[in-house]
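Let's walk through this structure together. Please have a look at the sequence and the coordinates before reading on.

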Amino acid sequence: MRTTLPLLLGFIAGVFAFGELYIPAPEYRVVFEHLRDFAQILASAAFILGGINVVQVNYPKIRRREEDWPYKVVMLASALIMGLSGVRWHAVGGERESGRVLVSGTAAAAVPARLRVQAADRDALVVIDGGLPLRAWHDGEPGAIERAPGSQPLELDLAAGEHTIAVSKPVNGYASYKTTLVVGTSLAEPTSAAATRVAPGQLATVEADLVMYWGAQSPNLGRVFTWLYDHVFFPCNATMFALLAFFIASAAFRAFRARNAESALLLGAAILVMIGLVPIGRALSPVFPEIEEWIMDVLNTTGRRAIMMGAALGAIATGLRVILGIERSHLGAE
Amino acid sequence: MAERTDWSQRLQNFDRRWIFVAMGLAIAVPLFYPLNLPVEPSAMVKSAYYTVESLKPGDRVLLSLDLDPASTPELEPYYRAVMLQLKRRRVRIVIATTWYAAPPLVERWIAETVEGRIIKPGDPSYQGVPDDPYERNEDFVWLGFREGREATINGMATDLRGTFDNQAANGIPLVQLDIMDGIRTLADFDLVVMVSAGFPGIKEYIQQAQGRGNVPMVGACTAVSTPEYTPYYSAGQLLGLVGGMSKAAEYEKLVGKIGTATAGTDVLNFGHMVVIGAIVFGNFIYFTGRRRRRRS
């Protein structure tokens, strides 16, 4: 039973997936899509399994202080930090607002309404009615955003009408705060239900404390996750790939030897393709790109096709063996 | 005679770190002193370019960005060139990825090149149609990442909306987006553009989707993968293929905006010469050593 049931399940799933290409019935497709969803869920669950496996393999080696154990500590710590930065900590216990509007003072028709921005972040930028950004904290010139933030809060007069105020940070990974102020008492209904009415003479204080996002969820990628991706993962990943140039040059020097006619042929073809691929080949002679194209289009394509067809036939044969229960190695059999 | 023996003996102990120095110089020097050799687009690259160029305004394209940061030097130049071309043609774009390491990179590219401008206004090096920013969820939509590799691509080929839980990456239901009207499977797109660094990528899209719905596809890949995908181009399953940085430079020339691939091609010129030199020099040492061993 321990082998019969998995074999039976494998047979049914295999035959069913095979039939999907030939049976256009919608009911059949619905079941097939469920099966495919299972496959996607299993693939995602493999990440959890992989994480557990990494700990299982490396932790005992660290405990026993085996060779290169400090690297394993770095690896586990990095995985843990990256994993933790992917959790939406800012949303634990409910997401909080990034700002609010307070209206103070008494109305006075002859005095214009004023706006003051009190941002908790020194580098916050304020955009009023979609205009150019202004510094929430400035040194006398709020429009000079290329300068460092100053100590004066942004404060200006507001004309009668509806105004949109947006406070944001110049870096990704933070919430922005947007609000609408309607200045004047005799105006029509504001376009936004959440708008705040401000009478002439009153002071509208926009208090902003922009929430820092955590997590790796689009579109609000967390600050820490983004920073780690941009400043650790990206350069390390790119560096490993860039080192290939040196490894290839070293391997070319040490290993590419014309020991016999076949390897000499391979070397000759490699050199011709390398010359023909780059503009210097064309500059040396227009024949090189033509030779390169011929090698790629004729020799490479022919060989590749043969390999691909052979591999496809092999995959079909293996698939049939699994479906029919002849191949049992995936069940732990010899 | 003794002198010659010493010389060939010394060659046997050649320090390969000199190869690293030569490669380092081959990479660094052309960046400061470019050769600027002329680039001539090849047939595969021209085919990829004209396939995109044949799209009409309002056509819909799926752009699959299946890559990671390591492959950006080779693939980002093509991405930028083809994105400029798509925006110039006012084509609507649906973006997705099947690589878990891609989303933060793709989000940045979207902000810089789709919602922003690839060509800054007044750029003297560019003479073409202006590059206007696209509106999210109107001109383009970002579906995000789904794990499942071939299963995901197979899902896109049969039920694209279901594969992405019927919502865009920012949670907006796809049913609310005009850009997704009538899009059920990959076959409903006017073109699929793949920027692929490996598995899953071009090969899996062809295997799972191209044959099923005769989906028109063009792709860009790393240079090392080019020989693997060339047969698909020869068979007509791929309508164009841009393989590696040198081919991306050819694409940049066709699009009319010189970018990093053109500068990088100078590095390739010298880099390839260093590798060829290393092969020739390595064989020279090998044969002198063999001759010496036979004599002794």
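The paragraphs below go from the overall chain to its sheet and then to the helices on that sheet.

Keep in mind that this is a predicted model. Start with chain B as a whole: its C-alpha atoms fill a box of roughly 85 × 45 × 35 Å along the principal axes. Of its 296 residues, 57% count as buried. Chain B exposes about 12,300 Å², and carbon and sulfur atoms supply 54% of that area. The charged side chains number 32 positive and 32 negative, with the centres of the two sets 11 Å apart. Among contacts in chain B with a separation of 6 or more, 75% join residues 24 or more positions apart.

Now for the secondary structure, which in chain B comes to 11 helices and six strands. How are the strands ordered in the open sheet of chain B? The order is β3-β2-β1-β4-β5-β6, with parallel pairing. In chain B, β3 (140-145) and β6 (240-243) stand at the edges with a single partner strand each, so one side of each has no neighbour in the sheet. From one strand to the next, the twist averages 15°.

Look next at β2 (residues 92-97) of chain B, which pairs with β3(B) over five bridges in the parallel sense. Here B:Ile93 has B:Phe140 of β3(B) as its bridge partner.

Helices pack on this sheet too. Helix α8 (residues 202-213) of chain B touches β1 (60-66), β4 (191-196), β5 (217-221) and β6 of chain B, and its direction makes about 160° with that of β5(B). Helix α9 (residues 226-234) of chain B touches β4, β5 and β6 of chain B, and its direction makes about 170° with that of β6(B).

Conventions
Residues are numbered from 1 along each chain as its sequence is written. Chains are lettered from A and ligands numbered from 1 in the order in which they are written. This is a predicted model: local features need pLDDT of at least 70, side-chain atom pairs count only at pLDDT 80 or more; totals for chains, interfaces and linings use all residues. Side-chain values use heavy atoms; hydrogens and water are left out. Helices (H or I, at least four residues) and strands (E, at least two) are DSSP runs, numbered from the N terminus. Buried means under 20% relative accessible area, exposed over 50%, partly exposed in between (1.4 Å probe, protein chains only). Contact means heavy atoms within 4.5 Å. Accessible areas come from the Shrake-Rupley method with a 1.4 Å probe; for residues, only the protein chains shown count as cover. Lys and Arg count as positive and Asp and Glu as negative; His and the chain ends are not counted. The place of a charge is taken as NZ of Lys, CZ of Arg, CG of Asp or CD of Glu. Two strands pair if DSSP finds at least two bridges between them. Axes are lines fitted to C-alpha atoms, for helices over the stretch in contact, and angles run from 0 to 180 degrees between N-to-C directions.
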